[in-house]
Amino acid sequence: MDEPDATPAALDETDAAAAEAAAPLPETPDSAAAEPALTVEELNLLGGRVEHPDEGARQETRARQAELAKPVGALGSLEDLSVWAAGVQRTCPPRPFERIRVVVFAGDHGIAAGGVSAYPAEVTAHMVRAFLTGTAAVNALARQAGAEVRVLDMSVDADLSDVPEDVTRHKVRRGTGRIDVEDAMTRDEAATALLAGMAVADEEVDAGADLLIAGDMGIANTTAAAALVGVLTGSDAATVCGRGTGIDDRGWMRKCAAIRDAMRRGRPHMADPIALLAAIGGPDLAATTGFLLQAAVRRTPVVLDGVVPSTCAVLAHRVAPRASLWWLAGHRSTEPAQTLALQQLALEPVLDLKLRLGEGTGALLAVPILQAATATCSEMATLEELGGSHGAEQP
Ligand SMILES: Cc1cc2ncn([C@H]3O[C@H](COP(=O)(O)O)[C@@H](O)[C@H]3O)c2cc1C
Ligand SMILES: O=C(O)c1cccnc1
């Protein structure tokens, strides 16, 4: 694996010793120090550290695609995917991805009390347990894709102390404030959650992950995500408000009003992602943002899933414009805010299966396609190797 890159707490030192010394992170919600755990300046500095994927490997792969035993361009989008894979792996031809990890960030949202979801908040905790027993959609699709699932309770509004400690280790608080009328959490909690997400990305990369997926679980989280996208893209509430878990027309109106009010509260914090997450996000979204950012710092590719991770990607992209080069949009969800987020990131989704689930499912479905792209690019012979013609002949 690569040499350890600097973690956020070691911004002025890049050597491995400093990265190691930077390990201690706030462990409990009430361990907030007098100094903020993370400033916007530090976040921006970290963003500046994100490198470009390897342009040489990308160009070599483009050239290779033109020589393989097929008509030029005949593998369509698979060719673009192989170029992306080669760039992020920094090698041509790209290899199959071998250690794929899904991290599901779970958290409850106070705005659920506003009738913005078709399901009750208790479902969040039930689904966390389902992820742990391997019985959720994300588990089934992960098995298909050869990926492993990890769940993190960032802010589920339930006592999950009976589940393995690794799941609750980073828990910041239980639930969030109702974002239409109050902050989701404090600024310190937002910073703590961001740092936790970064630490988790570090853990995954250090353990050898070569492809990451961020999943989401939290009733009413599509309301928070839509409000964030509304603020970040200057769209109005009705444009970003989707049906989420399947709310009816009256529910959609309530959700729209909640998003409108949350956007009003979030707008003053546009330039400060930590404050914005504190005002109208939640610990789960903050952690996902930190995870996506640090994955890019660590030169580790991520497949984006639905509306929540795509929203967090827009936030991470604000501080690290090059980070989006390390991300692939797995699918287009039916949530309008996700389409807007992907537009903002200039990412074209691999699939459009009308999914509206989250958990990481849409990203996992794109993995076999990505693997097909690396396999064709690396396993096919060139026309020249077959002793054939060197190029197309147009009479
Ligand atoms: C059983 C169940 C499993 C889920 N898995 C993901 N979500 C998805 O739906 C929720 C967001 O939609 P909304 O904002 O409308 O509440 C999130 O938990 C998301 O991960 C689920 C939702 C339910 C009900
Ligand atoms: O597309 C998504 O990401 C989505 C849609 C509905 C509910 N949760 C997630």
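Throughout these legends, Ala, Val, Leu, Ile, Met, Phe, Trp, Tyr, Cys and Pro count as nonpolar, Asp, Glu, Lys and Arg as charged, and the others, Gly among them, as polar. The model is predicted, so to speak of a local feature we want pLDDT of at least 70, and side-chain atom pairs count only at pLDDT 80 or more, while totals for chains, interfaces and linings use all residues. Residues are numbered from 1 along each chain as its sequence is written, with chains lettered from A and ligands numbered from 1 in the order in which they are written.

**Figure 1. The shell around ligand 1 mixes nonpolar and polar residues.** Here the split is eight nonpolar, eight polar and two charged. Of the 18 residues around ligand 1, the ones that come nearest are Ser117, Thr222, Gly244, Thr245 and Gly358 (a residue is near a molecule or strand if its C-beta atom, placed from the backbone, lies within 6 Å of it). At least two shell residues come from each of α5 (122-133), β3 (211-217) and α9. Helix α9 gives the most, with three residues.

**Figure 2. Ligand 2 sits among Thr222, Gly244, Thr245, Gly306, Val307, Val308, Ser333, Glu335, Gln338, Arg356, Leu357 and Gly358.** By class, that shell comes to three nonpolar, seven polar and two charged residues.

**Figure 3. The whole protein chain has 16 helices and five strands.** Helices (H or I, at least four residues) and strands (E, at least two) are DSSP runs, numbered from the N terminus. The radius of gyration is 21 Å, close to the 21 Å that the globule rule gives for 395 residues, so the chain is as compact as a globular protein of that length. For the record, the radius is taken over C-alpha atoms, and the globule rule is 2.2 Å times the number of residues to the power 0.38. Along its principal axes, the C-alpha trace spans about 70 × 55 × 40 Å.

**Figure 4. Helix α9 (residues 221-233) packs on helix α15 (residues 336-345).** Their axes are 9 Å apart, at an angle of about 40°; axes are lines fitted to C-alpha atoms, for helices over the stretch in contact, and angles run from 0 to 180 degrees between N-to-C directions. The pair is therefore oblique (angles under 35 degrees count as roughly parallel, over 145 as roughly antiparallel, 65 to 115 as roughly perpendicular and the rest as oblique). The crossing of α9 and α15 is left-handed, the term for a near helix turned anticlockwise from the far one by less than a right angle, with right-handed for clockwise. On the α9 side the contact uses Ala225, Ala226, Val229, Leu232 and Thr233, and on the α15 side Ala337, Leu340, Ala341 and Gln344 (in contact means C-beta atoms, placed from the backbone, within 7 Å). Seven of these residues are nonpolar, two polar and none charged.

**Figure 5. Helices α14 and α15 pack with their axes 9 Å apart.** The angle is about 30°, which makes α14 roughly parallel to α15. Their crossing is left-handed. Val307, Ser310, Thr311, Ala313, Val314 and His317 of α14 touch Ala337, Gln338, Ala341, Leu342, Gln344 and Leu345 of α15. That contact has seven nonpolar, five polar and no charged residues.

**Figure 6. Helix α13 (residues 283-297) crosses helix α14 (residues 307-319) at roughly 60°.** The two axes come within 8 Å, and α13 and α14 are therefore oblique to each other. This crossing is right-handed. Leu285, Thr288, Thr289, Leu292 and Leu293 in α13 meet Val308, Pro309, Cys312, Ala313, Leu315, Ala316 and Val319 in α14. The class count is 10 nonpolar, two polar and no charged.

**Figure 7. Two backbone oddities sit in loops, at Pro93 and Lys354.** Most residues other than glycine have a negative phi, and most peptide bonds are trans. Cys92 and Pro93 are joined by a cis peptide bond, with omega about -5°; Pro93 is in the loop between α4 (76-89) and β1 (100-107). Lys354, in the loop between α15 and α16 (361-379), has a positive phi near 60°.

Notes. Two residues are in contact if their C-beta atoms, placed from the backbone, lie within 7 Å.
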